[in-house]
Amino acid sequence: PTLSCWKSSHDRDDGECHTVLQNGAGLLAVAFLSAVLATSVNSVRRRRFGLFYACHVTCGPLALFFIVTHYSKAVLYLSPSLLYYLASSVPTMVRGWRMR
């Protein structure tokens, strides 16, 4: 974005800055998803599992964040999956925490 996008809100045209930032968020989402895809290849996953795991743990949530930043209604598509994940993971985490 241009320097005018970083000025106070009453000094700038928000339409242009919003478009630039929205497109930037989309490009970042694609970049993070591409990293997940590249490390999901069978040969990479088997030979460099640490890289595969680290990439998925870091790039996955970042991609979701930038997807929602790019298109806010994506929350409607993502929320059922996230709710299912939490409903299946939290009880196991709580049980493990209580056993300590």
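**Note on a four-helix chain**

1. From the N terminus on, the order of elements in this chain is α-α-α-α. The model is a predicted one. In total the chain holds 4 helices and 0 strands.

2. Some figures describe the chain as a whole. It has 100 residues, and 14% of them are buried. Its accessible surface amounts to about 8,000 Å², and carbon and sulfur atoms account for 67% of that area. Where contacts between residues at least 6 apart in sequence are considered, 40% of them join residues at least 24 apart.

3. The packing of helix H3 on helix H4 deserves separate mention. Helix H3 covers residues 49–70 and helix H4 covers residues 74–99; their axes lie 9 Å apart and make an angle of about 150°. On the H3 side, the residues that make the contact are Leu64, Ile67 and Val68, while H4 contributes Ala74, Val75, Leu78 and Leu82. Sorted by class, the contact of H3 with H4 comprises 7 nonpolar residues, with no polar and no charged ones.

4. Thr39 may be examined next. This residue belongs to helix H1, which spans residues 14–39. Is Thr39 buried or exposed? Thr39 counts as buried because its relative accessibility is 8%, and the cut-off for a buried residue is under 20%.

5. The side chain of Thr39 has polar partners in the backbone. One of its polar atoms lies 3.1 Å from the backbone oxygen of Ala35. The backbone oxygen of Val36 is likewise found 3.2 Å from a polar atom of the Thr39 side chain.

6. Which residues does Thr39 touch once its neighbours within four places in sequence are left aside? Under that condition, Thr39 is in contact with Val44, Arg45, Leu51, Phe52, Cys55 and His56. Helix H3 spans residues 49–70, and Leu51, Phe52, Cys55 and His56 are among the residues that Thr39 contacts.

7. Leu62 offers a further point for inspection. This leucine is located in helix H3. With a relative accessible area of 35%, Leu62 is partly exposed, because that class lies between the limits of 20% and 50%. How far apart are Leu62 and Leu33 in sequence and in space? The two residues are separated by 29 residues in sequence, and the C-alpha to C-alpha separation in space is 9.0 Å.

Terms used
Residues are numbered from 1 along each chain as its sequence is written. This is a predicted model: local features need pLDDT of at least 70, side-chain atom pairs count only at pLDDT 80 or more; totals for chains, interfaces and linings use all residues. Side-chain values use heavy atoms; hydrogens and water are left out. Helices (H or I, at least four residues) and strands (E, at least two) are DSSP runs, numbered from the N terminus. Buried means under 20% relative accessible area, exposed over 50%, partly exposed in between (1.4 Å probe, protein chains only). A polar contact is a pair of N or O atoms within 3.5 Å; within protein, one must be able to donate a hydrogen and the other to accept it, and residues adjacent in sequence count only if both atoms are side-chain atoms. Contact means heavy atoms within 4.5 Å. Axes are lines fitted to C-alpha atoms, for helices over the stretch in contact, and angles run from 0 to 180 degrees between N-to-C directions. Ala, Val, Leu, Ile, Met, Phe, Trp, Tyr, Cys and Pro count as nonpolar, Asp, Glu, Lys and Arg as charged, and the others, Gly among them, as polar. Accessible areas come from the Shrake-Rupley method with a 1.4 Å probe; for residues, only the protein chains shown count as cover.
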